[in-house]
Amino acid sequence: MKKRILGKQNSLTVSEIGMGCMGFSHGYGPGPGRNESIQLIRTAYDLGCTFFDTAEGYAAGENERLVGEAIKPFRHEVILATKLHIPEEGDLETAIRKHLDDSLFRLGCDYVDLYYQHRVNKNIPVEEVAGVMGKLIDEGKIRGWGQSQASNSEIRRAHAVTPITAIQSEYSLMERMFEKDVLPACRELGIGFVPFSPLGAGFLSGRYTSKDIYTGDDVRRVITRFSKDNMDANQPLLDLLHRFAHEKGATPAQISLAWMLHKWDFLVPIPGMRKAERIRENFGSADVVLTHEEFGRLEAELARMNIYGNRTDEDIAKLRDMI
Ligand SMILES: NC(=O)c1ccc[n+]([C@@H]2O[C@H](COP(=O)([O-])OP(=O)(O)OC[C@H]3O[C@@H](n4cnc5c(N)ncnc54)[C@H](OP(=O)(O)O)[C@@H]3O)[C@@H](O)[C@H]2O)c1
């Protein structure tokens, strides 16, 4: 697969498309089981993927254990990203170090390539977090750092203390709120951007209908993007993707990823997928190159379209009472 560089300082070279590993143990209902998940992660590597994403918060650390075991044979050939939630009590530096050490233990590694603050805490100054991350980089415990769902000003303030390698936030044809100022800020400052849910939690593949039933901790039970009304209302977006897919000999998922790869050259999406054919399909997006004219036509049609529903942390929190 083609490569991209995340971040100008503390930069990391990764495959143009990475693998979001969360769904193997968290957020999308029952997964394929541990052994099959490990095989699927190794299949992704065999297909050229060198960027794997997990977090301490996915299934209370189980996802880190799984990913650590899966990538063990090629740990030094890949970029491994994980994330932490910083508690608001106690000494900040001690807390971050403890979370990192616990993640490293579960991952079976002695360094993490990219360490994200999973959500910015409103009561902990980003500058202080950045300061600790800078020390961890100097010590070689992490190679780079980032924030998730951060605002333009949070990014700028933190970046001034310790240059950020990448921002990981939701971005897709269905969620474009960060186009306004965050993506331009990343371009200006030389920060990579890693879109999560780049396929709109799968909707953009065009393979889901409002008749599908989701169980367990599957976020599609609660996010409004998957309500029947919103799925019906977003059908024109799928129709557009099907038209472009037909024209390009590709699939709607591939057009969705090719669109963002064309639009921002410092961006590396991390779709989540738990079937070998979907891994092949999504990585195949790197070979679907839109021409300038095709991209312009797609953007013009998108500009005329409304998108309904979204995926919010508040809605996902409702799952706690349902499981
Ligand atoms: N920073 C954060 O707060 C945050 C939040 C959410 C996610 N993330 C990270 O971002 C990664 C990606 O997010 P996501 O999993 O929501 O991304 P996504 O790729 O938009 O959605 C994943 C869903 O789409 C389905 N899917 C993917 N490709 C498909 C295809 N070609 N055809 C049909 N269905 C397809 C998957 O199905 P199957 O899995 O069943 O195959 C899964 O249900 C996560 O794994 C995680 O590492 C981070």
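This report describes the overall dimensions, the sheet, the helix packing and the ligand surroundings of a predicted model.

## Overall dimensions

The protein chain contains 12 helices and 9 strands. Along the principal axes, its C-alpha atoms fill a box of roughly 50 × 40 × 40 Å.

The radius of gyration of the protein chain is 19 Å, which agrees with the value near 20 Å that a compact globule of 323 residues would have.

## The sheet

Seven strands form an open sheet with parallel pairing, in the order β3-β4-β5-β6-β7-β8-β9. Its edges are β3 (19-20) and β9 (192-196), each of which pairs on one side only.

At the β9 edge, the neighbouring strand in the order is β8. Strand β8 covers residues 166-170 and is joined to β9 by 5 bridges, the two strands running parallel. For S169, the bridge partner in β9 is P195.

## Helix packing

One helix that lies across strands is α4 (residues 126-138), which is placed over β6 (112-117) and β7 (142-148). The direction of α4 is at about 160° to β7. Angles over 145 degrees count as roughly antiparallel, so α4 and β7 are roughly antiparallel.

Helix α2 (residues 62-71) packs against helix α3 (residues 92-107) with the axes 7 Å apart and at an angle of about 50°. The two helices α2 and α3 are therefore oblique to each other. On the α2 side the contact is made by E64, R65, V67 and G68, and on the α3 side by S103, R106 and L107. By class, the residues of this contact between α2 and α3 comprise 2 nonpolar, 2 polar and 3 charged.

## Surroundings of the ligand

The shell around the ligand holds 28 residues, of which G20, M22, F196, G202 and G272 come nearest. Two of these residue numbers fall within the edge strands: G20 belongs to β3 (19-20), and F196 belongs to β9 (192-196).

Which helix gives the most residues to the shell around the ligand? Helix α10, spanning residues 276-283, gives the most, with 3 residues. In terms of class, the shell is made up of 11 nonpolar, 11 polar and 6 charged residues.

Conventions: Residues are numbered from 1 along each chain as its sequence is written. This is a predicted model: local features need pLDDT of at least 70, side-chain atom pairs count only at pLDDT 80 or more; totals for chains, interfaces and linings use all residues. A residue is near a molecule or strand if its C-beta atom, placed from the backbone, lies within 6 Å of it. Helices (H or I, at least four residues) and strands (E, at least two) are DSSP runs, numbered from the N terminus. Ala, Val, Leu, Ile, Met, Phe, Trp, Tyr, Cys and Pro count as nonpolar, Asp, Glu, Lys and Arg as charged, and the others, Gly among them, as polar. Two strands pair if DSSP finds at least two bridges between them. Two residues are in contact if their C-beta atoms, placed from the backbone, lie within 7 Å. Axes are lines fitted to C-alpha atoms, for helices over the stretch in contact, and angles run from 0 to 180 degrees between N-to-C directions. Angles under 35 degrees count as roughly parallel, over 145 as roughly antiparallel, 65 to 115 as roughly perpendicular and the rest as oblique. The radius of gyration is taken over C-alpha atoms; the globule rule is 2.2 Å times the number of residues to the power 0.38.
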